[in-house]
Amino acid sequence: PFGHIIWCRVNVGSCKRWQTPPRHYSSHLESESLQEGSKTWIMANNGDLGWDDKVTFKCVSGNLPTQHTCVPVEHTAPGHSVPITVQFDTPLQPGIYKSTWILMHDGVAFGHIVWCEVEVTAPATDHQSSVEANDTCTVRSGKRW
């Protein structure tokens, strides 16, 4: 033999979320809406395969309180769209709160990163138990390609 022997240790289990998903799983944000206490994104399946039970909508970061960090996604055929709704709770203290989400297939992220950002400008009262677009709360959202 010639050359040097190089040893490499790979921890495959921790790399799963960084794998490249198959090209046939794709998404596009068509629209979004906000209602009291919830945010709905309309996601389009513009891939080659339908979305099955292994497709979920996962919170990947943020400090905006939510009732669930992983939301099931309805089966969606290629070329069709599906509404995905997340329930949020009103933060009690003034500040800027954000929740970032992405679609996952069997634990592998794909598609657009989307988020909801809420600015609370006054402490929430006892009757405010959900995100409200009023004098004490400003809601913004977006997506990243």
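**Exercise 1.** In this predicted model, decide whether strand E7 (residues 108-120) is largely enclosed by the rest of the structure or not.

*Solution.* Take the 13 residues of E7. Apply the cut-off: buried means under 20% relative accessible area. Of the 13 residues, 10 are buried, so the strand is largely enclosed by the rest of the structure.

**Exercise 2.** Describe how strand E6 (residues 95-105) is joined to E7.

*Solution.* Start with direction: E6 and E7 run antiparallel. Next, count the links: 10 bridges join the two strands. Then find a facing pair: His105 stands opposite Val108 in E7. Finally, inspect the connection. E6 and E7 form a hairpin, with two residues between them. Asp106 lies in the turn and has a positive phi of about 55°.

**Exercise 3.** Place Lys54 and classify it as buried, partly exposed or exposed.

*Solution.* Locate Lys54 first: it sits in the loop between strand E2 (38-44) and strand E3 (55-62). Its relative accessibility is 46%, so Lys54 counts as partly exposed. Now list its contacts, leaving aside neighbours within four places in sequence: Met104, His105 and Asp106. Of these, Asp106 is in the hairpin turn. Last, check Val73. Its C-alpha is 8.6 Å from that of Lys54, and 19 residues separate the two in sequence.

**Exercise 4.** Which stretches have pLDDT under 50, and how many contacts do they have?

*Solution.* Begin with the chain: the average pLDDT is 74, and 67% of the residues score at least 70. Over residues 1-19, pLDDT stays under 50, and the model has six contacts beyond four places in sequence for them. Residues 127-137 are also below 50, with 32 contacts in the model beyond near neighbours in sequence.

Key:
Residues are numbered from 1 along each chain as its sequence is written. This is a predicted model: local features need pLDDT of at least 70, side-chain atom pairs count only at pLDDT 80 or more; totals for chains, interfaces and linings use all residues. Side-chain values use heavy atoms; hydrogens and water are left out. pLDDT is the predictor's confidence in each residue, from 0 to 100. Contact means heavy atoms within 4.5 Å. Buried means under 20% relative accessible area, exposed over 50%, partly exposed in between (1.4 Å probe, protein chains only). Helices (H or I, at least four residues) and strands (E, at least two) are DSSP runs, numbered from the N terminus. Two strands pair if DSSP finds at least two bridges between them.
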